[in-house]
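Reader: I should like to examine this model in a series of short questions. Please show the sequence and the structure before we begin.

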Amino acid sequence: MKIAVFSTKQYDQKFLLAANGAGEHEFNFFEEKLNSNTVFLAQGHDAICCFVNDILTAHVLDQLKALGIKFIALRCAGFNQVDIRHADSIGIKVTHVPAYSPFAVAEFALTLILALNRKIHRAYNRVRDGNFSIEGLQGFDLNGCTIGLVGTGKIGRVMAQILSGFGVRVLGYDVFPNKEFGAMGKYVDLDTLFAESNIVSLHCPLTPDTYHIIDQHSIAKMKRGVMIINTSRGALVDAPAVIEGLKSGQIGYLGLDVYEQEADVFYENLSEEIIQDDVLQRLVAFPNVLVTSHQAYFTDTALKNIAQTTLDNVAAFANGEELKNAVTIEMLH
Ligand code: NAD
């Protein structure tokens, strides 16, 4: 297969080429994100390979179809960025990488919790500036806290498993509860989770039901000084609403690895430019906010598994085999 690979960095190329072994498939790597202006790059290929910020609207899918693209291999778990119904209706198959390392993401969510609580980002800067005062760096014991997980799938369950070592009370909310989580934490309704948790961590997909699940109304239901962690998808959080929550003190800590408007900013070095996104700039200016650039998945294990599963998906399509990682309309909630 001849595959156009969009949104690629050096690390994507390295791991995909390694998984391609003897060079069974031919890759053309493009740094560009896929959109209606860059879709022409897919010309002359059989398939495309995309990541989280390649937005595949019905219009882009129609353009791909006209260029002869039959197959889209997503090299990520989430598929909210693809109009799956439209892809299905025009006969383009889509696969994703449902699990590559739930540990990578859960461990990163925990990293944000610990760093925010113990103010590691501030301590790091202080000592580099010769300031060895610990005034203002006081944290709290996680032990004894209540942590609410919204979404108890693969990542939420690893999170619950890791948290069990901290002596915390773990609450969970999921539209499809599962027994494995039930053995580690307690299922409650969403309002109870918001009301009782010291820390709320999001591990659900972005769907019409979860869009802005964190907004002014849900924030008002939370404990004063709550910590909110989002390592799932940016649009789960209404950013202007959390800014108000932070300014009033209702939100005490915020950790974001994803951001609703991240597509124009994340993964790029913009250090020589004036950032035009005032909401993002306000968020990063808070001392009790940590923003990272959608890096929770970014471990060597995850990159290796992503590349291998993506290539397995390509091989299955090329050989006319069943696509066990197909994204189907039945998977849309
Ligand atoms: P998963 O499919 O195993 O689990 C998701 C869980 O969310 C399921 O149990 C599902 O029933 C539940 N859910 C669906 N709708 C819900 C709703 N309305 N309310 C509550 N729960 C709901 O997925 P996963 O592997 O655990 O990944 C979770 C999310 O993490 C992905 O959808 C993706 O958006 C995100 N993710 C982020 C990164 C990153 O680098 N930051 C990497 C991988 C995945």
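Author: For the surroundings of the ligand, a residue counts as near a molecule or strand if one of its heavy atoms lies within 4 Å of it. This is a predicted model, in which local features need pLDDT of at least 70, side-chain atom pairs count only at pLDDT 80 or more, and totals for chains, interfaces and linings use all residues. Residues are numbered from 1 along each chain as its sequence is written, and side-chain values use heavy atoms, with hydrogens and water left out.

Reader: How many residues surround the ligand, and which are the closest?

Author: The shell around the ligand can be divided by class into 10 nonpolar, eight polar and four charged residues. Here Ala, Val, Leu, Ile, Met, Phe, Trp, Tyr, Cys and Pro count as nonpolar, Asp, Glu, Lys and Arg as charged, and the others, Gly among them, as polar. In total 22 residues surround the ligand, and the closest are Tyr100, Lys154, Ile155, Asp174 and Thr231.

Reader: Which residue places a polar side-chain atom 2.6 Å from an oxygen atom of the ligand?

Author: A polar contact is a pair of N or O atoms within 3.5 Å; within protein, one must be able to donate a hydrogen and the other to accept it, and residues adjacent in sequence count only if both atoms are side-chain atoms. Backbone atoms also approach the ligand: a backbone N or O atom of isoleucine 155 lies 2.8 Å from a ligand oxygen, and a polar backbone atom of tyrosine 297 is 3.0 Å from an oxygen atom of the ligand. The side-chain atom at 2.6 Å belongs to aspartate 174.

Reader: What percentage of the ligand's area does the protein bury?

Author: Accessible areas come from the Shrake-Rupley method with a 1.4 Å probe; for residues, only the protein chains shown count as cover. Besides the contact at 2.6 Å from aspartate 174, the area itself can be considered. Taken alone, the ligand exposes 860 Å², and the share of this that the protein buries is 88%.

Reader: In what order do the seven strands of the open sheet lie?

Author: Strands (E, at least two residues) and helices (H or I, at least four) are DSSP runs, numbered from the N terminus. Two strands pair if DSSP finds at least two bridges between them. The pairing in this open sheet is parallel, and the order is E8-E7-E6-E9-E10-E11-E12. Each edge strand pairs on one side only, and these are strand E8 (186-187) and strand E12 (289-291).

Reader: Which residues stand opposite isoleucine 147 in E7 and in E9?

Author: E6 pairs in the parallel sense with strand E7 (residues 169-173) over five bridges. Four bridges join E6 to strand E9 (residues 199-202), again in parallel. Opposite isoleucine 147 stand valine 170 in E7 and isoleucine 199 in E9.

Reader: Why is strand E6 largely enclosed by the rest of the structure?

Author: Buried means under 20% relative accessible area, exposed over 50%, and partly exposed in between (1.4 Å probe, protein chains only). In a regular strand the side chains alternate between the two faces of the sheet. Both faces of E6 are covered, with Thr146, Gly148 and Val150 buried on one side and Ile147 and Leu149 on the other. Strand E6 (residues 146-150) is largely enclosed because the number of its five residues that are buried is five.

Reader: Is serine 101 buried or exposed, and what is its relative accessible area?

Author: Serine 101 lies in the loop between strand E5 (93-95) and helix H4 (102-118). Its side chain reaches the backbone nitrogen of alanine 104 at 3.0 Å. Serine 101 is buried, with a relative accessible area of 8%.

Reader: What is the relative accessible area of serine 89?

Author: Serine 89 belongs to helix H3 (residues 84-89), and its side chain reaches the backbone oxygen of histidine 86 at 2.8 Å. Serine 89 is exposed, and its relative accessible area is 53%.

Reader: What is phi of serine 7, and where does this residue lie?

Author: At 13% relative accessibility, serine 7 counts as buried. Its phi is near 55 degrees, a positive value in a residue other than glycine. The place of serine 7 is the loop between strand E1 (2-5) and helix H1 (10-19).
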